[in-house]
Amino acid sequence: MSQDIREFISPFTEILAFGEPTHLEHAHTWIRNELFEQLAALGYRSIALESCRVRGTAVNDFVQHGMGDLDTVVKEGFSHTFGENWPANRELVAWMREYNEGKPKEDRLAFYGFDFQTETSSAPSPRPYLEHARDYLGEDVDLSTDDEKWSRDEAVMDLTRSPGKSEEAIRFREIGTGMLRRLHKRMPELVADTSYEEWNAAELHLTAGLSLLRYHRECAEPNPLGVRLNRLCQMRDGVMARNLLEIRRLEAGRGPTFVHAHNAHLQRTNSSMEMAGERIEWFSAGALVAPVLGDQYTVIGGALGRNDSFGLGEPDRDTLEGSLQSRFTTWGITEDKPQGKTREDAKQVWAYFPLDQHLMAGVDALLHVRVGRPVTR
């Protein structure tokens, strides 16, 4: 089924956010590609995905300038295994490169990741991000460290194993803060000697490194696990929101931006989930961005009826998804939100978020997939 996206967006929209209820199936990513082709014809010039902002620069270099090769970019330019294991992402990158071929710079499509470079329960070492900025500035400072002690899961889940308050972490924060100050102070000469793109990449890496240091410091705070996870989820979505607003600043003169991520990162209402036996609640990136952008922010939430590959059966007719099942033969978008109860059969399905009234209050429309497609790993 094909549906005209123009029926569901406003002329004021600057960010069109499209969510999905789980990362366990492919259907929403293939539909996303179809929608982005429609949106490109309507003047949208950028797409932002739930993937690392820093790693995404390699994808953008490929789709805009042909730098690198498709296989390497798909492998290294996405986080969360969203490259090699998601065929729709490979197709998206290849299509964007083909679309951009021969077009002037202002008309080329741009690719962004807008996520933090972490999983909630693990975070990498800040070293490579700080080193990128150090090398750009031409400074001589030792940033060597044992990366494994930062990246292991215990560094997040066990505060006694976290390096976030160590002397090394304090030293890295002082170095990074100083480099950021000098990077901004020397901007005119640095841009003249290199380029704005290289300066911007250095700032992006440096702010990413400092954000990681703040994340690790939070991991070392003597709080109960539930409190710590709650704050970490909030920090991640705070970075996502900052990235989305920065992407809009960069793209403001070229056209609106299409955004794709899990519903929990895009809805206007606060988000929640069960993690490590704890109930976690936080303000999503959408909840943080929406008050800033107002009616320039439009959200289409993703819904899924059935996917046999991970044990999600046919929803009962009196559920919200069950109400949507009868409306579409394959998939479709509706502003007429369904009536019914939250399905109970999905409680044991890991990482699937069923529809509920709270989610529906945070979106403008729903895109429902009747039967999902499995992810092949």
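The following paragraphs lead from the overall build of this protein to one of its strands and then to two single residues.

The model is a predicted one, and its secondary structure amounts to 15 helices and nine strands. The radius of gyration is 21 Å, close to the 21 Å that the globule rule gives for 377 residues, so the protein is as compact as a globular protein of that length. Measured out along the principal axes, the C-alpha trace spans about 65 × 55 × 40 Å. Of the 377 residues, 54% count as buried, and among the contacts with a separation of 6 or more, 75% are between residues 24 or more positions apart.

Turning to the surface, the protein exposes about 16200 Å², of which carbon and sulfur atoms supply 50%. As for charge, the protein carries 44 positive and 59 negative charges, and the mean positions of these two sets are 2 Å apart.

Within this fold, strand E7, which covers residues 297-306, is a useful place to look. Strand E7 is mostly covered, with nine of its ten residues buried. Strand E1, made of residues 15-20, runs parallel to E7 and is joined to it by four bridges; in this pairing, Leu16 stands opposite Thr298 of E7. Strand E9, made of residues 365-371, also pairs with E7 in the parallel sense, here over six bridges, and Gly302 is found opposite Leu367 of E9.

Leu16 leads on to another strand, since it is one of the residues touched by Thr257. Thr257 belongs to strand E4, which comprises residues 257-262. Is Thr257 buried or exposed? Its relative accessibility is 1%, and because buried means under 20%, Thr257 counts as buried. Leaving aside residues up to four places away in sequence, the neighbours that Thr257 touches include Glu14, Ile15 and Leu16, then Tyr44, Ser46, Ile47 and Ala48, and also Ile247, Arg248 and Glu251.

Val292 offers a contrasting case. This residue lies in helix H13, which is made of residues 285-293. The relative accessible area of Val292 is 56%, and because the cut-off for exposed is over 50%, Val292 is classed as exposed. Between the C-alpha atoms of Val292 and Tyr196, two residues that are 96 residues apart along the chain, the separation is 27 Å.

Notes:
Residues numbered from 1 in each chain as written. Predicted model: local features only at pLDDT ≥ 70, side-chain atom pairs only at ≥ 80, totals over all residues. Heavy atoms only, no water. Helix = DSSP H or I, 4+ residues; strand = E, 2+ residues; numbered from the N terminus. Buried < 20%, exposed > 50% of the residue type's maximum accessible area, 1.4 Å probe, protein only. Contact = heavy atoms within 4.5 Å. Rg over C-alpha atoms; globule rule 2.2 N^0.38 Å. Areas by Shrake-Rupley, 256 points an atom, 1.4 Å probe, with all protein chains shown as cover. Lys, Arg positive; Asp, Glu negative; His and termini not counted. Charge placed at Lys NZ, Arg CZ, Asp CG, Glu CD. Pairing = 2+ DSSP bridges.
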